[in-house]
Amino acid sequence: GKIHTRIRIGGIHTRVEVRSMDIDFIFPLNTADVEKLFSASMNVTDMITIACGPEGLSLSVSDDALAGMKYTDPEITSERSMRSNFQLDYVVSALKGIKGNVLISLDNDYPLKIASNEPFTTVYYLAPRLIEGEAEE
């Protein structure tokens, strides 16, 4: 059935439904492919930019000490360009916790969904890191 909660607002019970988090663009990733990026960024609390478009997928760390640390895959493409920033340590922790093949859902400034069925069903949602003034550009 549908997930819902009953809450009391001003003496009236209202039904609140959880919104769907279905995103059109989903791509596979093996965590072993980005393991080098993880090990170099273990102690950095900065952000990671995940971008995909016609030119391919890229995961890049925005820290001066890790300049040049980037994972790219020209085989994973999307018709429209998408880009979101996330807290690096959260993404690293999520992918290290899953290990293996994962499915990642991506959209512009939208929560990142990381899902796996190995060894059991696991789903992580990570909120994007919004940069002040970015929406105005």
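1. Read from start to end, the protein runs through the pattern β-β-β-α-β-β-β-β-α-β-β-β. That comes to two helices and ten strands. Please keep in mind as you look around that this is a predicted model.

2. A few overall figures may help you get your bearings. The protein has 137 residues, and 37% of them count as buried. Its exposed surface is about 8,900 Å², with carbon and sulfur atoms supplying 50% of that area. Among contacts between residues at least 6 apart in sequence, 58% join residues at least 24 apart.

3. Strand E3, residues 26-30, is a good place to begin a closer look. Its covered face carries Phe27 and Leu29, while Ile26, Pro28 and Asn30 sit on the uncovered one. This fits a general rule: in a regular strand, side chains alternate between the two faces of the sheet.

4. Now for the partner of E3. Strand E8, residues 101-105, pairs with E3 in the antiparallel sense over five bridges. Within E8, Leu103 is the residue that stands opposite Pro28.

5. Next, the aromatic rings. The structure holds one aromatic pair, formed by Phe25 and Phe27, with 5.6 Å from centre to centre and 35° between the planes. The pair counts as tilted because that angle falls neither under 30 degrees, as stacking requires, nor over 60, as edge-to-face requires. Both Phe25 and Phe27 are buried.

6. Phe25 also leads us to Ser78, since Phe25, Cys52, Gly53 and Pro54 are in contact with Ser78 once its neighbours within four places in sequence are left aside. Ser78 lies in the loop between strand E6 (70-73) and strand E7 (82-87). Is this loop residue buried or exposed? Ser78 is buried, because its relative accessibility is 8%, and the cut-off for buried is under 20%. A polar atom of the Ser78 side chain lies 2.6 Å from the backbone oxygen of Arg80.

7. Finally, two loop residues deserve a glance at their backbone angles. Lys99, in the loop between helix H2 (88-98) and E8, has a positive phi of about 55° although it is not a glycine. Asp109, in the loop between E8 and strand E9 (112-116), likewise is not a glycine and has a positive phi, of about 45°. As for accessibility, Lys99 is partly exposed, with a relative accessible area of 46%. Asp109 is partly exposed too, with a value of 33%.

Definitions and conventions
Residues numbered from 1 in each chain as written. Predicted model: local features only at pLDDT ≥ 70, side-chain atom pairs only at ≥ 80, totals over all residues. Heavy atoms only, no water. Phe/Tyr/Trp six-rings, centres within 6.5 Å; stacked < 30°, edge-to-face > 60°. Buried < 20%, exposed > 50% of the residue type's maximum accessible area, 1.4 Å probe, protein only. Helix = DSSP H or I, 4+ residues; strand = E, 2+ residues; numbered from the N terminus. Contact = heavy atoms within 4.5 Å. Areas by Shrake-Rupley, 256 points an atom, 1.4 Å probe, with all protein chains shown as cover. Pairing = 2+ DSSP bridges. Polar contact = N/O pair within 3.5 Å; in protein donor to acceptor, adjacent residues only side chain to side chain.
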